[in-house]
Each structure stands twice: as C-alpha cells, then as structure tokens.
Amino acid sequence: MKRKGRLKKMVLYILTSILLIIVGALLFMLLYPSFGGNPSKEQKETYNQLENYTNGKFVNEVTSKSDFDSWKTLFEGTTDGAAGKEKKPSSPQPVAEIDWNKVNNDEDSITWLGHSTYLLSMDNRKMLIDPMLESVASPVSFVGSKRYPYSTDIYSTIVSKMPTIDAVLITHDHYDHLDYTTVVELKDKVSRFIVPLGVSGHLVRWGVPASQITELNWWDEMDFEGITLALGPARHFSGRSLFNMNSTLWGSWVISGTENRLFISGDGGYGAHFEEIGRKYGPFDLAIIEGGQYDKKWSDIHMIPEQSIQASLDVNTTKMMLSHWGAFTLASHDWRDPIQRAIKAAKEKDVDIVVPQIGETLSISALKPALPSWWDGNSEIEG
C-alpha cells in the first residue's frame, strides 16, 4: 500500500510539474512582448466582411497547408536533406561595408541587409523592407536560428547610422521578417509603417503609435508621398505564437516610383497570383523573389529557386534578386544551394539575376547581372 501511495504521489507530482510548465509557457507567450499582439475586436469585425478571412483567420486564394498546419509541417523532418553539405557557413562570409553616401544620395537604389531585409531609396524617399537586423530569428535570444558569421560587423551600428526612414513595409509577421528588437530600436526614426491587415496589433504593443500605421488588404493601393504602393497576394501564412496563427495577413509589395517599379514577393509558394500581378502592375524594373529555405513538404508556402526564376517572368521582368537566403538556416539544404540553383535556372530562362553582397548598394537604374561569388569564398565579380 505504501508503495502504491508513493507511486501515486510521484505521478501527481509529475503531472503537476507538467501542468505548471505548460501554464508557464502559455503565460510567457501571452506576456512577453516579442510574441506580438492581436487585432482588436473592431478590426476582426471588419475582417469578417472580407473574402480572404474565414472563421477568424486569413486564408490563401488557393487552399494550402498554410491554412491549417504550417507550423506542424515546418517542424516535421525535411525531405531536401543536405547530408555531407554545409547547412550554414563553416567560416565568416564577406560582406560589404555599407556606403551611407550612396544610400543617402538622390539616386534610386537598393541595399541588401541580408535574408529578406532591404533598404530602398526611391524618389528621395527611404523605405525599409521587412526589418530584421538582430542576430537570432526567434522570440528569444537563446533559442532559434542564428545569423551567419560575417567578416565585418555591419549590424551593431546600423540603426544609429541609418537615415530617417519614410516608410517601413512589412510582408508578414514571422520572426525572420518582423523583429521586435529591431522595431523598438528603429521606430523613432520611422515616419510610417505600412503593413498587411492585422499587423498593427504587434506594432502598437511595441510602442508604435496607431496613427503612424497604415494597413492594407490584397489589391489595396495607396499614394505615399508620390510613390504608389500596392499590397499583392502571396501564398503563405502568419503567426508568432500559438495564440495568433493566421490572425494577420501576409502579402507582396508593388512599389511604383517616378522612374522605377519594383516587385517584392514576400514569402510564399508558387501560384497563378504572380501572372495576375504581372498583368495588373508589370513590367517591373526589378523583382525581389524569395527562393531560399525550401523543402518538398513546404511547396505550398515556399518556392524552390527554379520557381523563383519563373515567378520573375510571370510578373513581367527579366531582372531579379533572390531573397530569403544568405543569413539564416531555416531548412536542411546546403546554405549555398538557393543561389547556385537560381543562377543556373536564370541562365536557362534568360533572366538577369543580380547578386549583391550583403551591405552592398546598387543603382536600380543601372542594375547589372554581376555575380560576386562571395558564398564560395571568392568576392571577385564575375562578368
């Protein structure tokens, strides 16, 4: 009887401990600001009238895994393994020192800051795309994918050196695209945040005044100081915790200035929406298309590089940059595979792929398909 009593107490202790851990984790997700906020009751009531909002969640135009189990899918074993390859660089990779004179001059330009973050100069306006400048793509610093080591640290002083940002554009709320610490450090330099529906809930919780935030639905357009901005569809999903899965919208961006027109795909699977965007807004002077961190099981929510090249043709451009690579390992393929496969596919499809180093500023009006193969330890520019 005593043994049974001790066993009962032990089971009760274990169950109580598990319950406390679960409750603690749930409270942590609710209270820790990095997990973000939620759309208000009034916002949700407005969203209920939309075609892309069903049962309290945003949905894709075409049903995909992102509508029900994307987080589960991302944590499953992958099928594009990289056995014997480098899932992340074995040595620090070369980056370009940011030339702030180029960034601040009057010429339309774009500066890649790694992964999916870009600093865009257009019509004398500065726009920051998907602000993620921290070292870990995670809600906490001690868990998650760490930024690759680089030969030069351009990140520790980047916010202090960055000019006033006229607008921050966000494609969706995942940690590798919308970073809490970056927003907190940067928000006083930003005039306006322009985001998909629902994302304001995160920003307001982080101290951004609601009056400085504009939300758009798919196909909404706005004039921003003479630049036309339109939020296009994407085939993806959203969420920063168990409590806000698909509570915010995801999308792509069309940015049309006086001389140049850009398309930014955001994350997402390949689909007919690219041709639709091309018909409505093309041709583009440059398309920035995601094509890294892919897996066969994720085909609904991430493209492989060959699809990225085709997507650039679909939106009606022959000049493209590959995004979503070169900074974090979020999939099991070799970290260099995205750019190597994209370059090969681009040659086959007669697409000019532009591959800057991280930190390099390029003139949009004079883009050249130069390929600095810094990922292979060679920073010399190949013709």
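**View 1. Pro-283 sits in the loop between helix H8 and strand E15.** This is a predicted model. Helix H8 spans 273-281, and strand E15 spans 286-290. Within the loop, Gly-282 and Pro-283 are joined by a cis peptide bond. Omega there is about 0°. Most peptide bonds are trans.

**View 2. Strands E11 to E17 build an open sheet of seven strands.** The order is E11-E12-E13-E14-E15-E16-E17, and the pairing is mixed. Strand E11 (221-224) and strand E17 (352-353) are the edge strands. Each of these two pairs on one side only. Inside the sheet, strand E14 (residues 261-264) runs parallel to E15, with three bridges between them. Leu-262 faces Leu-286 of E15 across this pairing.

**View 3. A second open sheet is shown here, also with mixed pairing.** Its seven strands follow the order E10-E9-E8-E5-E4-E3-E18. Strand E10 (213-216) lies at one edge and strand E18 (361-363) at the other. Each edge strand pairs on one side only. From one strand to the next, the twist averages 20°.

**View 4. Strand E8 lies between E9 and E5 in the sheet order.** Five of the five residues of strand E8 (residues 165-169) are buried, so this strand is largely enclosed by the rest of the structure. Strand E5 (residues 125-129) runs parallel to E8 and is joined to it by three bridges. Leu-128 has Val-168 of E8 as its bridge partner. Val-168 is also the bridge partner of Phe-193 in E9. E8 and E9 run parallel, with four bridges between them. To get from E8 to E9, the chain passes through helix H6 (residues 180-186). This β-α-β crossover is right-handed. In a regular strand the side chains alternate between the two faces of the sheet.

**View 5. Strand E9 pairs with the edge strand E10.** Strand E9 covers residues 190-196. The pairing with E10 is parallel and has four bridges. Val-195 stands opposite Glu-215 of E10.

**View 6. His-115 and Asp-130 both have positive phi values.** Most residues other than glycine have a negative phi. For His-115, phi is near 55°. His-115 belongs to the loop between strand E3 (109-112) and strand E4 (118-122). For Asp-130, phi is about 45°. Asp-130 belongs to the loop between E5 and strand E6 (136-137). How accessible is His-115, buried or exposed? His-115 is buried, with a relative accessible area of 1%. Asp-130 is buried too, at a relative accessible area of 2%.

**View 7. The largest cavity has Asp-130 in its lining.** Rolling a probe the size of a water molecule over the atoms shows where empty space is left. Across the whole structure, a search finds three cavities of 30 Å³ or more. The largest cavity holds about 50 Å³ of space. Besides Asp-130, its lining includes Ser-116, Tyr-118, Thr-171 and His-177. Ile-264, Ser-265, Gly-266 and Asp-267 are also among the lining residues. So are Ile-288, Glu-290 and Ser-323. By class, three lining residues are nonpolar, six are polar and three are charged.

**View 8. The second largest cavity has a wholly nonpolar lining.** Its volume is about 40 Å³. Trp-112, Tyr-118, Met-321, Leu-322 and Trp-325 are among the residues that line it. Ile-339, Val-354, Val-355 and Pro-356 also belong to this lining. The class count is nine nonpolar, no polar and no charged residues. Tyr-118 lines the largest cavity and the second largest cavity.

**View 9. The second largest pocket contains about 230 Å³ of space.** It is lined by 14 residues. Which of them are the closest to its centre? They are Leu-133, Glu-134, Asp-153, Tyr-155 and Ser-156. The lining of this pocket divides into seven nonpolar, three polar and four charged residues.

Technical notes:
Residues numbered from 1 in each chain as written. Predicted model: local features only at pLDDT ≥ 70, side-chain atom pairs only at ≥ 80, totals over all residues. Heavy atoms only, no water. 1 Å grid on protein atoms, 1.4 Å probe; cavity = no way out; pocket = protein on both sides within 12 Å on 5 of 7 lines; lining within 4 Å. Points joined across faces, edges and corners; volume = space filled by probe spheres on them. Nonpolar A, V, L, I, M, F, W, Y, C, P; charged D, E, K, R; others polar. Pairing = 2+ DSSP bridges. Axes fitted to C-alpha atoms, helices over the stretch in contact; angles between N-to-C directions. Buried < 20%, exposed > 50% of the residue type's maximum accessible area, 1.4 Å probe, protein only. Right-handed = clockwise from strand over helix to strand, strands pointing away.
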